[in-house]
Amino acid sequence: MTTAIPRAFPSDFLFGAATAAFQIEGAAHEDGRRDSIWDAFCRVPGAVINGDNGDVACDHYHRYGDDVALMKHLGLQTYRFSTSWSRVRPDGGAVNPQGIDFYKRLTDELLEAGILPWLTLYHWDLPQALQEKGGWANRDTADLFTEYALTMHDALGDRVNVWTTLNEPWCSSFLSYTAGLHAPGHYSVEEGVLAAHHLLLGHGQAVRELRARDASLKLGITLNLTVAEPVDADDPADADAARRIDGQFNRWFLDPIFRAEYPADVVEDIRKVDAAAVAAWESAVHPGDLETIATPIDTLGVNYYHGEYVGGHEPVNPPIGGDAPTDRPGRSPYPSHEGIFWHERGLPRTPMQWEVQPEGLTTLLHRVWDEYAQPAGTVLYVTENGAAYDDELVVEGDEKRVHDADRVEFLRGHLGAILDAADAGVDVRGYFYWSLLDNFEWAWGYEKRFGIVRVDYETQERTPKDSALEYRRIIGARALDLEPARAAAVTS
């Protein structure tokens with residue numbers, strides 16, 4: 001009988017989990033915090049399922065000590081969290097010492113537990129007062145973001161070495177200002193392209209200023225990226241549909257960061273549908289902006305959830321979309337979307353109708369490494385990857401359990417995909433599961449659960465799911481077995 005040999009992870013590979021401030025902290029109106037755009041958006045009728053909000057969320061603001069102890073119990077080596085601009089500099093104004101103190105306490109707790117703090121400066125919670133001045137469509141916001149970044153460095157620069165500027169600027173520009181699906185919920189192509197540019201400008205400015213302060217810092221950005229596959233690569237319409245999705249989702253952000261240029265083909269695609277928006281954007285790109293945006297970075301965070309299977313011909317049976325079924329209408333986040341159709345390819349889907357395709361992560365890491373990161377001397381981390389499933393809490397004897405076999409399979413499949421990429425020479429240094437906790441899932445409210453730890457929103461009780469126990473086992477072994485351990489054999 002042949003014994004299966006576990007697949008070992010590189011010795012410097014980091015295992016972690018990720019969260020975001022608005023999704024877990026709660027304490028929305030405590031200790032000087034004031035409204036973000038998401039507080040305001042939650043009050044818009046029909047914008048969020050059930051009218052849910054982040055007022056309490058997972059109450060992490062008060063329970064962070066227990067949550068860090070849980071991270072340590074699960075063996076996490078690093079924890080990616082975001083700081084709330086609305087807590088640290090409410091309304092984008094003066095520094096709030098109470099907000100700063102919370103992140104000092106959290107960071108100290110992590111360090112005491114032996115967990116590397118991985119700080120993300122912006123995960124979509126712009127102060128509402130700044131939105132009322134134009135938000136990210138206003139160039140001044142990039143300067144204020146840089147000021148906020150330096151405030152956080154003043155507070156934590158002596159104990160945090162890894163800094164991410166932005167999380168998923170595609171979401172905080174096109175999904176938010178063009179599609180209307182995320183805060184602030186606008187429907188403007190012009191605002192979308194302006195927001196994208198000013199987000200990237202703020203990123204570049206913050207990296208430049210932080211680097212000037214401390215050359216030892218590890219600085220980067222996190223992008224949500226996809227693999228856009230044509231239904232038939234030999235069909236010009238299908239190939240063009242895939243090119244446009246790749247351009248508007250991936251290259252619009254990768255090219256300026258790594259090449260100091262926007263993709264010319266995408267500029268012309270958007271010009272065809274909204275020439276005025278492109279004219280406004282061209283006026284907003286000042287001399288020197290692209291050089292600032294392309295300030296070298298140490299790390300690129302790759303967030304991957306699923307791919308895109310698209311064509312230029314309408315399918316007979318189109319797949320069900322994955323947007324939250326809210327009462328408030330949304331539009332396409334892609335300025336150039338006419339004639340692009342999503343197709344079904346028979347892959348498993350989560351209850352949010354997102355495809356499950358681990359091999360897509362291998363393909364994506366290869367592409368980003370070969371075309372962008374390796375030439376720039378930048379290393380890769382998978383900073384988000386996860387899935388929402390309809391978990392159920394069960395009581396077995398004296399224990400509460402959540403048997404989330406689908407999530408266990410999802411976790412293992414994507415870790416295997418990372419190993420496939422690493423085996424082929426891609427320098428990928430770590431993995432952060434999304435998310436540590438069930439939490440407020442934006443327009444989905446509390447309807448969907450992404451966590452490896454279940455949260456009872458009434459009692460705030462935390463219950464590690466089977467996926468958490470399997471992740472702990474993998475971290476402890478620093479290897480991926482060919483088969484998961486039986487949940488009953490793993491003690492919590």
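A residue is called buried when its relative accessible area is under 20%. This cut-off is applied throughout to a predicted model.

By that cut-off, helix α16 holds the buried residues D466, S467, A468, L469, E470, Y471, I474 and I475. The helix spans residues 466-477 and has 12 residues. From the first C-alpha to the last it reaches 17 Å, close to the 16 Å expected at 1.5 Å a residue. An α-helix has 3.6 residues a turn, so residues three or four places apart point the same way. The buried residues of α16 pack against several elements. Among them are the strands β2 (14-18), β13 (399-402) and β14 (428-434), and the helix α15 (405-423). Strands β16 (462-464) and β17 (479-480) are also packed against by these residues. Just after α16, R478 takes a positive phi of about 50°.

Two of the strands that α16 packs against, β2 and β14, also belong to the barrel of the model. This barrel is closed and has eight strands. Its order is β2-β3-β4-β5-β6-β8-β11-β14, with parallel pairing. From one strand to the next, the twist averages 25°.

The pairing can be followed from β3 through β4 to β5. Strand β3 covers residues 78-82 and is joined to β4 by five bridges. The two strands run parallel. Within this pair, T78 stands opposite L116 of β4. On the β5 side, four bridges join β4 to β5, again in parallel. Here W118 stands opposite V162 in β5, and L119 has W163 as its bridge partner. Strand β4 is mostly covered, with six of its seven residues buried.

T120 lies in β4. T120 counts as buried because its relative accessibility is 1%, against a cut-off of 20%. Setting aside neighbours within four places in sequence, T120 contacts R80, F81, S82 and T83, along with T164, L166 and N167. T120 and N167 are 47 residues apart along the chain, yet their C-alpha atoms are separated by 7.1 Å.

T164, one of the contacts of T120, lies in strand β5. T164 is likewise buried, as its relative accessible area is 1%. Beyond residues up to four places away in sequence, T164 touches W118, L119, T120 and L121. G220, I221 and T222 are touched by T164 as well.

Helix α7 lies across both β4 and β5. The helix runs at about 155° to β4. It spans residues 140-156, which makes 17 residues. Its reach from first to last C-alpha is 25 Å, close to the 24 Å expected at 1.5 Å a residue. Helix α7 is mostly covered, since 12 of its 17 residues are buried. The buried set includes T141, A142, F145, T146 and Y148 in the earlier part of the list. A149, L150, T151, M152, H153, A155 and L156 complete it. These buried residues pack against β4 (116-122) and β5 (162-167). They also pack against the helices α4 (85-88), α5 (97-112) and α9 (189-213).

Further along the barrel, E384 is in strand β11, which covers residues 379-384. An unreviewed UniProt entry places the feature "active site" at E384. E384 is buried because its relative accessibility is 3%. Leaving out neighbours within four places in sequence, E384 contacts R80, H123, N167 and E168. Its other contacts are V302, N303, Y304, Y305, F432 and W434. With R80 there is a polar contact between the two side chains, at 3.2 Å. Both R80 and N167 are also among the contacts of T120.

D438 lies in a loop, between β14 and β15 (453-455). This loop residue is buried, as its relative accessible area is 0%. The side chain of D438 has polar contacts with backbone nitrogens. A polar atom of this side chain lies 2.9 Å from the backbone nitrogen of G451. The side chain of D438 also reaches the backbone nitrogen of V455, at 3.3 Å. Not counting residues up to four places away in sequence, D438 touches C58, R449, F450, G451 and V453. R454, V455, Y457 and K465 are touched by D438 too.

Terms used
Residues are numbered from 1 along each chain as its sequence is written. This is a predicted model: local features need pLDDT of at least 70, side-chain atom pairs count only at pLDDT 80 or more; totals for chains, interfaces and linings use all residues. Side-chain values use heavy atoms; hydrogens and water are left out. The expected span of a helix is 1.5 Å times one less than its number of residues. Buried means under 20% relative accessible area, exposed over 50%, partly exposed in between (1.4 Å probe, protein chains only). Contact means heavy atoms within 4.5 Å. Two strands pair if DSSP finds at least two bridges between them. Axes are lines fitted to C-alpha atoms, for helices over the stretch in contact, and angles run from 0 to 180 degrees between N-to-C directions. UniProt positions are given in the numbering used here, feature names are shortened, and annotations may be inferred rather than shown by experiment. A polar contact is a pair of N or O atoms within 3.5 Å; within protein, one must be able to donate a hydrogen and the other to accept it, and residues adjacent in sequence count only if both atoms are side-chain atoms.
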